[in-house]
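Here is a short report on the fold and the interior of one protein chain. Look at the model before reading on.

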Amino acid sequence: NVTLHSLEVHQNTDGSSGAGLIALYDYAWDVTVDSCKIHGKYYNPNGDYAALGSYAQQWRGIIGAGGAATYRKNITIKDCEFYDLRRGHALSVAGTYVVEGNTYYDLYEDPISISYNANDGGTTTTRINWNTFCRPIGLASDAVNPHFDFIQFIDPGSAVTWSVEVIGNI
């Protein structure tokens with residue numbers, strides 16, 4: 001079990017690496033991220049919020065990393081703030097995935113992006129409840145065409161059983 005509680009994690013350099021500020025590698029099981037601030041470095045000298053050239057928020061908050069196995073299981077992200085980033089979190093998860101009480105603002109792309117992992121029996125229970133989404137920035141005219149899906153579900157391309165609860169998000 002790993003718990004990250006009341007941490008502030010932020011981008012401390014200019015530039016656009018596309019990396020994640022927190023990376024959950026293969027076999028990350030029973031991880032809780034609770035009451036944290038996860039943010040990029042505000043940088044917009046041209047005043048246009050373009051992802052290329054002027055707006056450095058190519059960083060992602062929490063990402064999945066590692067090889068093809070991607071056995072991340074039982075992940076909870078709750079009561080956190082995500083801002084000045086490209087995305088909030090993008091993970092492939094099996095088991096239970098809980099995303100509750102978070103606030104997302106000034107993001108370019110999807111605050112929550114989920115792919116379900118069939119490597120661990122193919123059953124995933126997901127709760128995405130009571131999250132707040134403010135000030136999406138994605139511009140279709142931007143060269144990298146960021147778009148903003150508040151909650152994005154990605155088809156894993158294999159047989160899985162999804163149990164999904166989505167309540168009270170604004």
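The report covers the chain overall, then one sheet, then the core.

The model is predicted. The protein chain has 15 strands and zero helices. Its 170 residues are 46% buried. Among contacts in the chain with a separation of 6 or more, 69% join residues 24 or more positions apart. Chain-wide values are collected here.

| Property of the protein chain | Value |
|---|---|
| Share of residues that count as buried | 46% |
| Accessible surface | about 7800 Å² |
| Share of that surface on carbon and sulfur atoms | 50% |

Now the sheet. Five strands, in the order β2-β5-β8-β10-β13, make an open sheet with parallel pairing. Its edges are β2 (8-10) and β13 (132-134), each of which pairs on one side only. On average, neighbouring strands of this sheet are turned by 10 degrees against each other, direction ignored. Four bridges link β8 and β10 in the parallel sense. Tyr83 stands opposite Tyr105 in β10.

Next, the interior. The largest nonpolar core holds 28 residues. Ile38, Ile62 and Ile77 have the most contacts inside this core. The elements that give it two or more residues are β3 (20-24), β4 (29-34), β7 (73-78), β8 (81-85), β9 (87-100), β10 (103-107) and β11 (112-116). The largest share, four residues, comes from β9.

What does Ile77 touch, leaving aside its neighbours within four places in sequence? Ile77 is in contact with Val33, Ile62, Phe82, His89, Leu91, Tyr97, Val98, Val99, Glu100 and Asn102.

Terms used:
Residues are numbered from 1 along each chain as its sequence is written. This is a predicted model: local features need pLDDT of at least 70, side-chain atom pairs count only at pLDDT 80 or more; totals for chains, interfaces and linings use all residues. Side-chain values use heavy atoms; hydrogens and water are left out. A nonpolar core is a set of buried Ala, Val, Leu, Ile, Met, Phe, Trp, Tyr and Cys residues joined through side-chain atoms within 4.5 Å. Buried means under 20% relative accessible area, exposed over 50%, partly exposed in between (1.4 Å probe, protein chains only). Contact means heavy atoms within 4.5 Å. Two strands pair if DSSP finds at least two bridges between them. Axes are lines fitted to C-alpha atoms, for helices over the stretch in contact, and angles run from 0 to 180 degrees between N-to-C directions. Accessible areas come from the Shrake-Rupley method with a 1.4 Å probe; for residues, only the protein chains shown count as cover.
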